[in-house]
Amino acid sequence: MTLIQPQYMEWFILFLFFFPPRIPYEVLEQALMEGPLQTSVHVCHEYGQWMSQLPEKLWDIPLYNLALPGSHDTMTYCLDKNSGVSGNELKLVKFLNKCMPCIVHPIIMKWSTTQVLTVTEQLEAGVRYLDFRIAHKANDPSMNLYFVHMVYTTVTVQDILWEVLSWLETHPQEVVILACRNFDGLTKKLHCHLIACIKEIFQCKLCPRNVVPTLRTMWQCGHQAIVSYEEDMEVAKHCELWPAIPYWWGNKTATRALIQYLEHMKQMGRPEKFFVAGINLTENLRYILIHPFGSLKKMTLQSFPCLKIWIKQQYPGPRKECINIIAGDFIGNNDFVKDVIELNTKINPSLHCQSKGNK
């Protein structure tokens, strides 16, 4: 996650409460809101159908041995400016947000927003892994589910699932991985409701977990959606759901430290199937105090040049040190998607078969 760790957020907001800045609140609010929420990004459509354009020699390689670009906290482009703080956050944060929203809420928004492209724009830009943090609002009598990252989104989960389906129908040879996670406030009844919605919307496009997900197999069977679900008991009941996908989260403020963490994880060995290497930086209290008018976007953009070099050095495949999904923040601000897709040109199918046989 990229939002402030709860213990840090508590002290940071207390600091602002007892030592408020000596400038007009209207000026401070405007300054605090600068950053990702005012960004305009050009959407590149060149990679909208990149899977269908891969060479035939890669069609029989499982997707968990290909390089796939993903977005971290996919839905934060539509966080609700008027939303209360989510149910699993500290009571103090919620209280202070009510007491002085013009200070606290802009801080939350600018450090919780990780994307500016809509889900359709992300897919059109080439993203094939979507990070869905799902929640039910406290005291909401309805069955509506939302996405969450400190605050809730303006759109419901069901609406976005239909939007993804609409995109898939116009891109019949593209495959998308939907990682359903978090589940803040979801009861057993709400889990059943969500899974029923997933099945109703995607139907035969859902790839069962007993299928080896190669492009050739997916195309032949008409499968386009792989849904991982971070709730083991529910996964066991439904063959259409895949287990939770491991996410390598470095929890680092410095690019070099993040790269060192990712290299350490590679040395320990990749998981057998899908997994994510997260290239997203994470702020902490010290970083925010040193950069009072900074934002997650500014922090992220500064890291891109070094991370670009690291990405280009990676290899997809089944071997211990290989990568699979690489997920980042602010998709569309650089060549991230292009660089990840191009890693697939390094794959040698014959070496892939040899590695498989040596396991």
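Trainee: Why is His 223 called buried?

Mentor: In this predicted model, His 223 has a relative accessibility of 11%, and since buried means under 20% relative accessible area, His 223 counts as buried. The residue lies in the loop between helix H8 (215–221) and E6. Leaving aside neighbours within four places in sequence, His 223 is in contact with Val 175, Cys 204, Lys 205, Leu 206, Cys 207, Pro 208 and Met 218.

Trainee: What makes Glu 234 a buried residue?

Mentor: The reasoning is the same in form: Glu 234 has a relative accessible area of 5%, the cut-off for buried is under 20%, and therefore Glu 234 is buried. Glu 234 is found in helix H9, and, apart from neighbours within four places in sequence, its contacts are His 191, Ile 195, Tyr 229 and Leu 241.

Trainee: How do you know that the span of helix H7 agrees with what is expected?

Mentor: Helix H7 covers residues 188–202, which is 15 residues, and at 1.5 Å a residue these should span 21 Å. The end C-alpha atoms of H7 are 21 Å apart, so the two values agree. Just after H7, Gln 203 takes a positive phi of about 45°.

Trainee: Which residues of H7 are buried, and why do we say that they line one face of the helix?

Mentor: The buried residues in H7 are Leu 190, His 191, Leu 194, Ile 195, Cys 197, Ile 198, Ile 201 and Phe 202. Seen down the axis of H7, these buried residues fall within an arc of 155°, and so they line one face. As a general point, an α-helix has 3.6 residues a turn, so residues three or four places apart point the same way. On the face of H7 turned away from the buried side sit the exposed residues Lys 188 and Lys 189.

Trainee: What covers the buried residues of H7?

Mentor: The covering elements include strand E2 (129–135), helix H6 (157–169), strand E5 (176–184), strand E6 (225–229), helix H9 (232–237) and strand E7 (241–242).

Trainee: What puts the buried residues of H6 on the same side of that helix?

Mentor: In H6, the buried residues are Val 157, Ile 160, Leu 161, Val 164, Leu 165, Trp 167 and Leu 168. They cover an arc of only 160° around the axis, which puts them on the same side of H6. H6 has 13 residues and reaches 19 Å from its first C-alpha to its last, close to the 18 Å expected at 1.5 Å a residue.

Trainee: Why does Ile 160 count as buried?

Mentor: Ile 160 has 2% relative accessibility, which is set against the cut-off of under 20%, and so Ile 160 counts as buried. Leaving aside neighbours within four places in sequence, Ile 160 is in contact with Met 75, Tyr 77, Val 119, Phe 132, Phe 147 and Val 155.

Trainee: Why are H10 and H12 called roughly parallel to each other?

Mentor: Helix H10 (residues 255–268) and helix H12 (residues 296–312) pack at an angle of about 25°, with their axes 10 Å apart. Angles under 35 degrees count as roughly parallel, and therefore H10 and H12 are described in that way. The contact is made by Thr 255, Leu 258, Ile 259, Leu 262, Glu 263 and Lys 266 of H10, together with Ser 303, Cys 306, Leu 307 and Trp 310 of H12.

How values were computed: Residues numbered from 1 in each chain as written. Predicted model: local features only at pLDDT ≥ 70, side-chain atom pairs only at ≥ 80, totals over all residues. Heavy atoms only, no water. Helix = DSSP H or I, 4+ residues; strand = E, 2+ residues; numbered from the N terminus. Expected span 1.5 Å × (residues − 1). Buried < 20%, exposed > 50% of the residue type's maximum accessible area, 1.4 Å probe, protein only. Arc of directions from axis to C-beta. Contact = heavy atoms within 4.5 Å. Axes fitted to C-alpha atoms, helices over the stretch in contact; angles between N-to-C directions. Parallel < 35°, antiparallel > 145°, perpendicular 65-115°, else oblique.
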